[in-house]
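Me: I would like to learn how to read the features of a structure one by one. Can we go through an example together?

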Amino acid sequence: MRVLVTGAAGFIGSAYARELLTGAYPAWRDARVTVLDALTYAGNKANLAPVEDRLTFVHGDIGDAALLQRLVPGHDVVVNFAAESHVDRSIAGAADFVRTNVLGVQTLFDACLKAGVERVVHVSTDEVYGSIDTGSWDEHAPLAPNSPYAAAKAGADLLARAYHVTHGLPVVITRCGNNYGPYQYPEKVIPLFVTRLLTGGTVPLYGDGRNVRDWIHVTDHCRGIQIAAERGTPGEVYHIAGTCELTNLQLTERLLAACEATWDRVERVPDRLGHDRRYSLDDTKLRALGYTPRVSFAQGLADTVRWYAQNTAWWQQSAPKERAHAR
Ligand code: NAD
């Protein structure tokens with residue numbers, strides 16, 4: 001089986017490639033893997049170092065139709081992680097988000113159709129639903145995205161549906177909550193806070209800090225994607241929920257404790273524009289296919305903080321570009 005993984009030099013895609021290539025998914029143990037990644041600011045080939053001798057790396061863009069025409073044929077499966085992924089950047093400027101997350105994905109779907117790829121997995125997010133005060137969304141909830149990032153992701157999800165209904169593209173969509181774990185670019189809240197706390201800095205807490213997110217370890221997310229890839233029904237959406245709903249205040253408390261720091265290191269900053277209050281996914285459908293998260297938040301966070309403490313060279317190379325940007 002030949003598998004093309006797009007965006008696999010980023011945080012989640014690289015975790016998926018490392019898991020796949022170290023035998024975490026027995027049914028695909030013999031998969032031959034190609035990675036396609038544009039190496040934007042968020043892409044880092046070092047994230048693939050533990051498995052680099054077991055994959056073929058192609059530097060390129062999912063929006064490059066000519067490249068895809070050469071690359072995609074011969075692959076049985078395409079798993080798409082490629083995206084612009086940071087909400088704050090989408091507020092500062094949405095063009096790259098529409099270019100990659102909508103046009104790029106449409107170009108990739110066209111290439112998959114033309115090449116007769118047997119299974120496409122499109123990785124999406126809970127943010128496409130907007131915000132929910134109580135309860136949880138199931139897969140039939142209406143899309144009501146509030147950030148340009150979420151709107152672009154919703155656009156791709158709707159294209160996936162349309163390509164399935166109209167052209168029969170065998171695509172499965174997964175939607176997940178907030179991921180954490182090693183190799184996450186230090187613009188997202190957990191690595192941003194951890195790296196700043198470890199270096200004696202302060203951390204920025206948005207608004208009243210009461211926004212709620214559901215946290216999932218990246219390896220649980222990847223296993224959910226794999227279950228959807230192996231057992232999901234084309235045209236269907238599958239939710240992958242986490243293990244821990246926390247307000248940002250509660251998350252900050254845990255991060256301070258993990259880094260042996262106190263509240264005087266927290267700076268209150270104006271809220272993010274259009275900041276969704278709460279996300280929550282009902283993942284009953286994927287659990288019926290055998291999914292359960294395995295990593296508790298307490299254990300996963302302790303391991304993650306340890307990883308950042310032990311891998312300062314990794315994040316110090318990427319962090320300086322970020323310092324000016326992150327709030
Ligand atoms: P990331 O920003 O860490 O990585 C994105 C990767 O895509 C990078 O390697 C980048 O170089 C690559 N890329 C960007 N534009 C590209 C293009 N045009 N062509 C080829 N490669 C390109 O993102 P992530 O956090 O790993 O997220 C991966 C996917 O999971 C995204 O689709 C995201 O929407 C989704 N997701 C993320 C989370 C989360 O908490 N991080 C939660 C749910 C869903």
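**Sheets, helices and a pocket**

Reply: This is a predicted model. Helix H5 (148-167) lies across strand S5 (119-125) and S6, and its direction makes an angle of about 155 degrees with S5.

Me: What is the order of the strands in the open sheet of seven strands?

Reply: The general idea comes first: strands of a sheet pair through backbone hydrogen bonds, either parallel or antiparallel. Here the order is S3-S2-S1-S4-S5-S6-S10, and the pairing is parallel. Strand S3 (55-59) and strand S10 (237-240) are the edge strands, each pairing on one side only. On average, neighbouring strands of this sheet are turned by 20 degrees against each other, direction ignored.

Me: How many bridges pair strand S1 with strand S2?

Reply: Strand S1 (residues 2-6) and strand S2 (residues 32-37) are paired over five bridges, in the parallel sense. To find the register, look at leucine 4, which has threonine 34 in S2 opposite.

Me: What is the order of the open sheet of three strands, and which pairing does it have?

Reply: Its strands are ordered S7-S9-S11, and the pairing is mixed. Strand S7 (178-180) and strand S11 (244-247) each have a single partner strand, so one side of each is left without a neighbour in the sheet. The average turn between neighbouring strands of this sheet is 40 degrees, direction ignored. S7 and strand S9 (residues 212-217) run parallel and are joined by three bridges. Opposite tyrosine 180 stands histidine 217 in S9.

Me: Which strands do helix H7 and helix H10 lie across?

Reply: Helix H7 (residues 218-231) lies across S7 and S9, at about 75 degrees to S9. Helix H10 (residues 297-310) lies across S7, S9 and S11, and runs at about 50 degrees to S7.

Me: What is isoleucine 12 in contact with, leaving aside its neighbours within four places in sequence?

Reply: First locate the residue: isoleucine 12 is found in helix H1 (residues 11-21). With those sequence neighbours left aside, isoleucine 12 contacts Phe81, Asn179, Val218, His221 and Cys222. Sequence separation and distance in space are two separate readings. Threonine 22 is ten residues from isoleucine 12 in sequence, and their C-alpha atoms are 15 Å apart.

Me: How many salt bridges does the count come to?

Reply: The count comes to eleven salt bridges. One case is aspartate 157 with arginine 175, whose side chains meet at 2.8 Å, N to O. This pair links distant parts of the chain, with aspartate 157 in helix H5 and arginine 175 in strand S6, 18 residues apart.

Me: What volume does the second largest pocket have, and which residues are closest to its centre?

Reply: Rolling a probe the size of a water molecule over the atoms shows where empty space is left. The volume of the second largest pocket is about 310 Å³. The lining holds 14 residues, and those closest to the centre are Glu139, Arg161, Arg175, Gly235 and Val237. Arg175 thus appears in two readings: it belongs to this group and to the salt bridge with aspartate 157.

Me: Which elements supply at least two residues of that lining, and how do its residues divide by type?

Reply: H5 and strand S6 (171-176) each supply at least two residues of the lining. The largest share, three residues, comes from H5. By type, the lining of this pocket has six nonpolar, two polar and six charged residues.

Terms used
Residues are numbered from 1 along each chain as its sequence is written. This is a predicted model: local features need pLDDT of at least 70, side-chain atom pairs count only at pLDDT 80 or more; totals for chains, interfaces and linings use all residues. Side-chain values use heavy atoms; hydrogens and water are left out. On a 1 Å grid over the protein atoms alone, a cavity is a set of points where a 1.4 Å probe fits but cannot get out, and a pocket is an open set with protein on both sides within 12 Å along at least five of seven lines; lining residues have an atom within 4 Å of a point. Grid points are joined across faces, edges and corners, and a volume is the space filled by probe spheres set on the points. Helices (H or I, at least four residues) and strands (E, at least two) are DSSP runs, numbered from the N terminus. Ala, Val, Leu, Ile, Met, Phe, Trp, Tyr, Cys and Pro count as nonpolar, Asp, Glu, Lys and Arg as charged, and the others, Gly among them, as polar. Two strands pair if DSSP finds at least two bridges between them. Axes are lines fitted to C-alpha atoms, for helices over the stretch in contact, and angles run from 0 to 180 degrees between N-to-C directions. Contact means heavy atoms within 4.5 Å. A salt bridge is a side-chain nitrogen of Lys or Arg within 4 Å of a carboxyl oxygen of Asp or Glu.
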